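Me: I'd like to go through this one by asking how each label is earned. Can you set the values against the definitions for me?

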Amino acid sequence: MKFNISHLGVIDSCEIESNKLVILTGENNTGKTYIASAIYGFIKYLKHNLQINFHKDDFETLNNGSELIIDTKNYFSDIATGIQTCANSFSAKNFSNIFRGNPERYKNAKITIKPEPNFPLHVPLSATAVISKKNGKAFTFSQSMKNGNISIHPMTPEGEKIPLNLIISSFSTIIADSIFPNMYYLCAQRSGIEEFQVEIDGYRSQLVDILQRNESKNQGMELLNAKTEKYPLIVSDYLSLARSNRIREKERTASIMDNDLQDTYQNIVGGSFSHEGQIITFKPLEQENNNLTLPETSSSVHALMGIYEISRYIRRDDLVFFDEPEANLHPVNQRRMARFIAQIVHKGIKVMVSTHSDIIIRELNTLILFSNYKGNSKLLQLAHEEGYHESEFLYPEDINCYVSEKKKGNTYNFGKKAVSAEEGIEISSFDTTIEEINRIQDTISEVWYAK
């Protein structure tokens, strides 16, 4: 899918195309997080509001109580129309809900989507259920996918016909969940959220108590409005994720964290997490009897805990937004983080990274250069000697990289950079800065030794 964004903050215009790995980079305050946040919020909006026309013949089949097998190709036109109609309704108010700013600030902002022509669907092979209710009666649609077809099994109260609006709503939900991925946003504020999440929840509990004890509803609402802060969508969603992991510590899906991923992650974070009731503790490597609470751990542990949070639920075809993966990390761990990102891409997880790290980009480049090993046994041998494995190699066709480019005034575009197996990704802003530092230091040495 391609997303076109224009007149959003300092962003003049840009086109971002989805891929297995999307990289956003550039100087500070050029709009990287705005782009990722806008795409994240826009996809959430589409998932929740998509409405697709349901064919009359299929409606009659369901109302006869029969299993309906839908060839999704017959609905491609309806899906495209539904997506465009929904996208066109995205307004300044929706941007305001994402960024928690004044809607007037986003009156000219726009985001549009160009779906892939064949709409690759990702309905789980195991059956799930979509339940709608009307007048207290439940209508259940159990659905699964096989050979590109969606099978829907209606289960209705005896003698009841399924209302058309419920079918449209449920079918639209099935399609939206099939087209658009589950998403997780590891925002740049994650370190502070992990550290203060308990305090934030405690503060809100106090507000609820104030409201419950307050005789005047109006006065209670005044207190609530005066003492609560509206967070940007990516922050509030991450806060919800952190909260849910403490409350639902026993719930998890099949983890993507196999042994190799687990080892890479534990080497980065320097230990492992575990639950003790609703308390998450951290055990440093080689310190078997030393369980630390989160307040006792380092800032890097706080920043990396989000990976542990999402690993409990994430699955193939999901999308992870990762702001500043280099945050609080030593260069050694920044290299490990780049390799970790490559490993989860190999697991079928799509990743959008926003980074300032020359080290992460360079390590990703190494993984791209090694991917050119076919027909070159010496290159593969070198990779193995240096501790790399084919499960980390990145292929140019799986990567899109966008770099901020200043326009007239204080606005920016994001240009797509070429990615090749011979040269990797070339980002001149990093190279220019490093060359300038080297030049200054060389000149200092010349001046010093010329004394």
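Reply: Sure, and let's begin with touching: two residues are in contact when heavy atoms of theirs lie within 4.5 Å. This is a predicted model, where local features need pLDDT of at least 70 and side-chain atom pairs count only at pLDDT 80 or more, while totals for chains, interfaces and linings use all residues. Numbering starts from 1 along each chain as its sequence is written, and side-chain values use heavy atoms, with hydrogens and water left out.

Me: Which residues does phenylalanine 99 touch, not counting those up to four places away in sequence?

Reply: By that contact rule, Leu8, Tyr34, Ser37, Ala38, Tyr106 and Pro232. Phenylalanine 99 itself sits in helix α4; helices here are DSSP runs of H or I with at least four residues, strands are runs of E with at least two, and both are numbered from the N terminus.

Me: What makes phenylalanine 99 buried?

Reply: Buried means under 20% relative accessible area, exposed means over 50%, and partly exposed is what falls in between (1.4 Å probe, protein chains only). Phenylalanine 99 has 14%, so it counts as buried. There's a long-range link too: phenylalanine 99 and tyrosine 231 are 132 residues apart in sequence, yet 7.8 Å apart in space, C-alpha to C-alpha.

Me: How do you know how helix α1 and helix α4 cross?

Reply: From axes, which are lines fitted to C-alpha atoms over the stretch in contact, with angles from 0 to 180 degrees between N-to-C directions. The axes of α1 (residues 32–49) and α4 (residues 92–99) come within 10 Å and cross at roughly 115°. On the α1 side the meeting residues are Tyr34, Ser37, Ala38, Gly41, Phe42 and Tyr45, and on the α4 side Asn94, Phe95, Ile98 and Phe99. That contact divides into seven nonpolar, three polar and no charged residues. Here Ala, Val, Leu, Ile, Met, Phe, Trp, Tyr, Cys and Pro count as nonpolar, Asp, Glu, Lys and Arg as charged, and the others, Gly among them, as polar.

Me: Just past α4, what's odd about the phi of arginine 100?

Reply: Most residues other than glycine have a negative phi. Arginine 100 is not a glycine, but its phi is positive, about 60°. It belongs to the loop between α4 and β5 (110–114).

Me: Why is arginine 100 called partly exposed?

Reply: Its relative accessible area is 35%, so it falls in the middle class. Aspartate 317 is a similar story: its phi is also positive, near 75°, it lies in the loop between α10 (299–311) and β13 (319–323), and 23% makes it partly exposed.

Me: What puts the buried residues of α2 on the same side?

Reply: In α2 (residues 56–63), Asp58, Leu62 and Asn63 are buried. They cover an arc of only 135° around the axis, so they share one side of α2; the arc is that of the directions from the helix axis to the C-beta atoms. The face turned away carries the exposed residues Lys56 and Asp57.

Me: How many residues are in the largest nonpolar core?

Reply: 117, with Ile39, Phe180, Phe273 and Met337 having the most contacts inside it. α1 gives the most to this core, with nine residues. To belong, a residue must be a buried Ala, Val, Leu, Ile, Met, Phe, Trp, Tyr or Cys, joined through side-chain atoms within 4.5 Å. Beyond four places in sequence, methionine 337 contacts Ile268, Leu304, Ile307, Phe322, Pro325, Leu329 and Ile360.

Me: And why is arginine 339 called buried?

Reply: Its relative accessible area is 18%, so it passes the cut-off. Arginine 339 lies in α11 and touches Glu363, Leu367, Gly387, Tyr388 and Glu392, leaving out residues up to four places away.

Me: What makes serine 172 count as buried?

Reply: Serine 172 has 1% relative accessibility, so it counts as buried. It lies in helix α5 (residues 164–179), and its contacts outside four places in sequence are Leu50, Gln51 and Ile52.

Me: Last one: how many of the chain's residues count as buried?

Reply: 47% of 451, in a chain with 14 helices and 18 strands.
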